[in-house]
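This report goes through the fold, one strand with its partners, and one residue on a helix. The sequence and structure come first.

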Amino acid sequence: MANILVVDDELGIRDLLSEILNDEGHSVDLAENATQARTARAGNTYDLVLLDIWMPDTDGVSLLKEWATAGVLTMPVIMMSGHATIDTAVEATRIGAFSFLEKPITLQKLLKAVEQGLARNAAHQAAPAPAAAPPAHAPAEPGFSHLPAAPSAVASVEPGPHAHQGFDLDRPLREARDGFEKAYFEFHLAREGGSMTRVAEKTGLERTHLYRKLRQLGVDLGRGKRG
(Lines give C-alpha, C1' and ligand atoms only; values in the text may rest on other atoms or scores of the structure.)
Protein backbone atom coordinates (compact mmCIF):
# COMPACT_ATOMS: atom_id res chain seq x y z
CA MET A 1 0.00 0.00 0.00
CA ALA A 2 1.28 3.47 -0.93
CA ASN A 3 0.40 6.93 0.33
CA ILE A 4 -0.75 9.01 -2.64
CA LEU A 5 -1.80 12.66 -2.86
CA VAL A 6 -4.23 13.69 -5.61
CA VAL A 7 -4.34 17.43 -6.38
CA ASP A 8 -7.06 18.57 -8.78
CA ASP A 9 -9.63 21.36 -8.68
CA GLU A 10 -12.31 19.19 -10.32
CA LEU A 11 -14.37 17.25 -7.77
CA GLY A 12 -15.31 14.54 -10.27
CA ILE A 13 -11.68 13.78 -11.11
CA ARG A 14 -10.65 13.73 -7.45
CA ASP A 15 -13.45 11.30 -6.60
CA LEU A 16 -12.71 9.07 -9.60
CA LEU A 17 -8.97 8.86 -8.97
CA SER A 18 -9.54 8.31 -5.26
CA GLU A 19 -11.96 5.45 -5.92
CA ILE A 20 -9.62 3.75 -8.39
CA LEU A 21 -6.54 4.08 -6.20
CA ASN A 22 -8.40 2.98 -3.07
CA ASP A 23 -9.59 -0.12 -4.94
CA GLU A 24 -5.91 -0.83 -5.70
CA GLY A 25 -5.21 -0.81 -1.97
CA HIS A 26 -3.56 2.61 -1.69
CA SER A 27 -4.16 5.30 0.90
CA VAL A 28 -5.28 8.51 -0.84
CA ASP A 29 -5.38 12.12 0.33
CA LEU A 30 -7.17 14.77 -1.73
CA ALA A 31 -6.48 18.46 -2.32
CA GLU A 32 -8.50 20.78 -4.53
CA ASN A 33 -5.89 23.52 -4.86
CA ALA A 34 -2.24 24.35 -4.22
CA THR A 35 -2.96 25.71 -0.73
CA GLN A 36 -4.43 22.41 0.42
CA ALA A 37 -1.62 20.53 -1.35
CA ARG A 38 1.01 22.52 0.55
CA THR A 39 -0.69 21.73 3.85
CA ALA A 40 -0.96 18.04 3.01
CA ARG A 41 2.69 17.82 1.91
CA ALA A 42 3.88 19.65 5.02
CA GLY A 43 2.12 17.18 7.31
CA ASN A 44 2.66 13.91 5.45
CA THR A 45 5.17 11.86 3.50
CA TYR A 46 3.86 10.65 0.15
CA ASP A 47 5.08 7.90 -2.15
CA LEU A 48 3.49 9.58 -5.19
CA VAL A 49 1.63 12.76 -6.14
CA LEU A 50 -0.86 13.21 -8.99
CA LEU A 51 -0.81 16.95 -9.73
CA ASP A 52 -3.11 18.89 -12.04
CA ILE A 53 -1.37 21.61 -14.07
CA TRP A 54 -4.22 24.11 -14.38
CA MET A 55 -5.62 25.20 -11.01
CA PRO A 56 -7.24 28.50 -9.98
CA ASP A 57 -4.83 29.66 -7.26
CA THR A 58 -1.37 28.36 -8.19
CA ASP A 59 -0.73 26.21 -11.26
CA GLY A 60 0.80 22.78 -10.87
CA VAL A 61 4.11 23.64 -12.53
CA SER A 62 4.63 26.55 -10.12
CA LEU A 63 3.81 24.30 -7.16
CA LEU A 64 6.23 21.67 -8.47
CA LYS A 65 8.96 24.30 -8.72
CA GLU A 66 8.14 25.51 -5.21
CA TRP A 67 8.56 22.00 -3.80
CA ALA A 68 11.79 21.46 -5.73
CA THR A 69 13.24 24.75 -4.48
CA ALA A 70 12.27 23.94 -0.88
CA GLY A 71 13.86 20.49 -1.12
CA VAL A 72 10.62 18.60 -0.48
CA LEU A 73 10.27 17.10 -3.96
CA THR A 74 11.22 13.70 -2.56
CA MET A 75 8.51 11.69 -4.34
CA PRO A 76 7.60 11.10 -8.00
CA VAL A 77 5.07 13.63 -9.29
CA ILE A 78 2.80 12.77 -12.22
CA MET A 79 1.42 15.87 -13.92
CA MET A 80 -2.13 15.84 -15.32
CA SER A 81 -3.62 18.12 -17.97
CA GLY A 82 -6.09 18.14 -20.80
CA HIS A 83 -4.30 20.80 -22.82
CA ALA A 84 -0.63 21.01 -21.83
CA THR A 85 1.76 22.38 -24.45
CA ILE A 86 5.19 20.93 -25.24
CA ASP A 87 6.77 23.94 -23.53
CA THR A 88 4.83 23.18 -20.35
CA ALA A 89 5.87 19.52 -20.53
CA VAL A 90 9.53 20.42 -21.02
CA GLU A 91 9.44 22.89 -18.14
CA ALA A 92 7.83 20.42 -15.74
CA THR A 93 10.28 17.68 -16.76
CA ARG A 94 13.20 20.04 -16.21
CA ILE A 95 11.94 20.83 -12.72
CA GLY A 96 11.53 17.18 -11.83
CA ALA A 97 8.14 15.81 -12.92
CA PHE A 98 8.18 12.01 -13.35
CA SER A 99 5.64 11.79 -16.18
CA PHE A 100 2.40 13.16 -17.65
CA LEU A 101 -1.15 11.92 -17.95
CA GLU A 102 -3.39 13.51 -20.55
CA LYS A 103 -7.04 14.04 -19.64
CA PRO A 104 -9.40 12.30 -20.00
CA ILE A 105 -7.30 9.73 -18.15
CA THR A 106 -7.84 6.09 -19.06
CA LEU A 107 -7.73 3.44 -16.35
CA GLN A 108 -4.91 1.57 -18.08
CA LYS A 109 -2.66 4.62 -18.40
CA LEU A 110 -3.38 5.71 -14.83
CA LEU A 111 -2.48 2.35 -13.30
CA LYS A 112 0.60 2.00 -15.49
CA ALA A 113 1.89 5.47 -14.58
CA VAL A 114 1.21 4.93 -10.88
CA GLU A 115 2.94 1.54 -10.96
CA GLN A 116 6.01 3.02 -12.68
CA GLY A 117 6.11 5.98 -10.31
CA LEU A 118 5.90 3.78 -7.21
CA ALA A 119 8.59 1.50 -8.62
CA ARG A 120 10.85 4.53 -9.13
CA ASN A 121 10.16 5.71 -5.59
CA ALA A 122 10.90 2.25 -4.15
CA ALA A 123 14.18 2.08 -6.07
CA HIS A 124 15.12 5.53 -4.83
CA GLN A 125 14.35 4.60 -1.23
CA ALA A 126 16.37 1.39 -1.52
CA ALA A 127 19.41 3.07 -3.09
CA PRO A 128 22.36 3.29 -0.68
CA ALA A 129 23.56 6.71 0.40
CA PRO A 130 26.54 7.94 -1.65
CA ALA A 131 29.91 7.43 -0.01
CA ALA A 132 31.77 10.48 1.21
CA ALA A 133 34.27 11.80 -1.30
CA PRO A 134 37.96 11.42 -0.33
CA PRO A 135 39.91 14.59 0.52
CA ALA A 136 41.19 16.41 -2.54
CA HIS A 137 44.88 17.12 -2.93
CA ALA A 138 44.17 20.67 -3.96
CA PRO A 139 41.50 23.17 -2.84
CA ALA A 140 38.26 22.64 -4.72
CA GLU A 141 36.95 25.32 -7.03
CA PRO A 142 34.34 27.40 -5.14
CA GLY A 143 30.81 26.17 -5.85
CA PHE A 144 31.91 22.84 -7.31
CA SER A 145 33.01 20.88 -4.24
CA HIS A 146 29.88 18.72 -4.44
CA LEU A 147 30.71 17.27 -7.87
CA PRO A 148 32.01 13.65 -7.82
CA ALA A 149 35.37 12.86 -9.35
CA ALA A 150 35.30 11.42 -12.87
CA PRO A 151 35.65 7.61 -12.96
CA SER A 152 39.04 6.32 -14.07
CA ALA A 153 37.55 3.72 -16.42
CA VAL A 154 34.14 3.44 -18.04
CA ALA A 155 34.74 0.57 -20.47
CA SER A 156 32.55 -1.79 -18.41
CA VAL A 157 29.53 0.50 -18.50
CA GLU A 158 26.98 -0.61 -21.06
CA PRO A 159 25.78 2.07 -23.45
CA GLY A 160 22.18 3.20 -23.07
CA PRO A 161 19.93 6.24 -22.63
CA HIS A 162 20.94 8.58 -19.82
CA ALA A 163 18.32 10.71 -18.07
CA HIS A 164 20.78 13.43 -17.06
CA GLN A 165 22.73 15.23 -19.77
CA GLY A 166 24.68 18.44 -20.00
CA PHE A 167 23.46 21.33 -22.14
CA ASP A 168 25.21 24.38 -23.48
CA LEU A 169 23.26 27.26 -21.96
CA ASP A 170 25.48 29.95 -23.50
CA ARG A 171 23.30 30.34 -26.58
CA PRO A 172 19.92 31.82 -27.59
CA LEU A 173 16.89 30.52 -25.68
CA ARG A 174 15.26 28.93 -28.72
CA GLU A 175 18.41 26.98 -29.60
CA ALA A 176 18.86 25.84 -26.01
CA ARG A 177 15.23 24.74 -25.80
CA ASP A 178 15.43 22.85 -29.10
CA GLY A 179 18.57 21.11 -27.87
CA PHE A 180 16.82 20.03 -24.69
CA GLU A 181 13.72 18.81 -26.53
CA LYS A 182 15.82 16.79 -28.99
CA ALA A 183 17.73 15.12 -26.17
CA TYR A 184 14.46 14.53 -24.30
CA PHE A 185 12.83 12.70 -27.20
CA GLU A 186 16.00 10.79 -28.14
CA PHE A 187 16.22 9.56 -24.55
CA HIS A 188 12.64 8.25 -24.59
CA LEU A 189 13.03 6.72 -28.06
CA ALA A 190 16.11 4.85 -26.91
CA ARG A 191 14.49 3.71 -23.66
CA GLU A 192 11.33 2.50 -25.43
CA GLY A 193 13.24 0.72 -28.20
CA GLY A 194 12.02 3.12 -30.89
CA SER A 195 8.33 2.41 -30.19
CA MET A 196 6.43 5.55 -31.19
CA THR A 197 3.32 4.26 -29.41
CA ARG A 198 5.09 3.97 -26.06
CA VAL A 199 6.95 7.26 -26.55
CA ALA A 200 3.64 9.00 -27.32
CA GLU A 201 2.12 7.54 -24.14
CA LYS A 202 5.16 8.44 -22.05
CA THR A 203 5.46 12.03 -23.27
CA GLY A 204 1.72 12.70 -23.38
CA LEU A 205 1.66 13.65 -27.06
CA GLU A 206 -0.67 12.51 -29.83
CA ARG A 207 1.25 10.40 -32.39
CA THR A 208 0.79 12.81 -35.30
CA HIS A 209 2.00 15.72 -33.19
CA LEU A 210 4.92 13.58 -31.97
CA TYR A 211 6.03 12.65 -35.52
CA ARG A 212 5.84 16.30 -36.59
CA LYS A 213 7.83 17.42 -33.56
CA LEU A 214 10.55 14.82 -34.10
CA ARG A 215 10.97 15.76 -37.75
CA GLN A 216 11.14 19.44 -36.81
CA LEU A 217 13.91 18.73 -34.29
CA GLY A 218 15.82 16.47 -36.69
CA VAL A 219 15.55 13.37 -34.48
CA ASP A 220 16.63 10.12 -36.13
CA LEU A 221 13.50 7.95 -35.80
CA GLY A 222 15.46 4.75 -36.37
CA ARG A 223 18.12 5.51 -33.79
CA GLY A 224 16.46 3.84 -30.82
CA LYS A 225 15.04 0.79 -32.61
CA ARG A 226 16.17 -2.55 -31.24
CA GLY A 227 17.72 -4.94 -33.68
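## Secondary structure and overall figures

Eight helices and five strands make up the secondary structure of the protein, and the model is a predicted one. Read from the N terminus, the order of elements is β-α-β-α-β-α-β-α-β-α-α-α-α. Strands and helices thus follow one another in turn up to the last strand, and the C-terminal end of the order is a run of helices.

The protein has 227 residues, of which 37% are buried. Its exposed area is about 13800 Å², and 54% of that area comes from carbon and sulfur atoms. Taking contacts between residues at least 6 apart in sequence, 62% join residues at least 24 apart.

## Strand β4 and its burial

Strand β4 covers residues 77-81. Five of its five residues are buried, so the strand is largely enclosed by the rest of the structure. Buried here stands for a relative accessible area under 20%.

The side chains divide between two directions: V77, M79 and S81 point one way from β4, while I78 and M80 point the other way. Both groups are buried.

## Strands paired with β4

Which strands pair with β4 in the parallel sense? One is β3, residues 48-52, which pairs with β4 over four bridges. Within this pairing, D52 has M80 of β4 as its bridge partner. Between β3 and β4 the chain passes through helix α3, residues 60-70, and the resulting β-α-β crossover is right-handed.

Another is β5, residues 99-102, whose parallel pairing with β4 also runs over four bridges. In this case the bridge partner of I78 is S99 in β5. M80 and I78, the β4 residues named in these bridges, both belong to the group that points opposite to V77, M79 and S81.

## D87 on helix α4

D87 lies in helix α4, which spans residues 86-95. Is D87 buried, exposed or partly exposed? Its relative accessible area is 37%; since buried means under 20% and exposed over 50%, D87 counts as partly exposed.

Which residues does D87 contact, apart from its neighbours within four places in sequence? They are R177 and E181. For E181, the separation from D87 is 94 residues in sequence, and the C-alpha to C-alpha distance is 9.1 Å. The contact between D87 and E181 therefore joins residues far apart along the chain, with heavy atoms within 4.5 Å.

Methods. Residues numbered from 1 in each chain as written. Predicted model: local features only at pLDDT ≥ 70, side-chain atom pairs only at ≥ 80, totals over all residues. Heavy atoms only, no water. Buried < 20%, exposed > 50% of the residue type's maximum accessible area, 1.4 Å probe, protein only. Areas by Shrake-Rupley, 256 points an atom, 1.4 Å probe, with all protein chains shown as cover. Pairing = 2+ DSSP bridges. Right-handed = clockwise from strand over helix to strand, strands pointing away.
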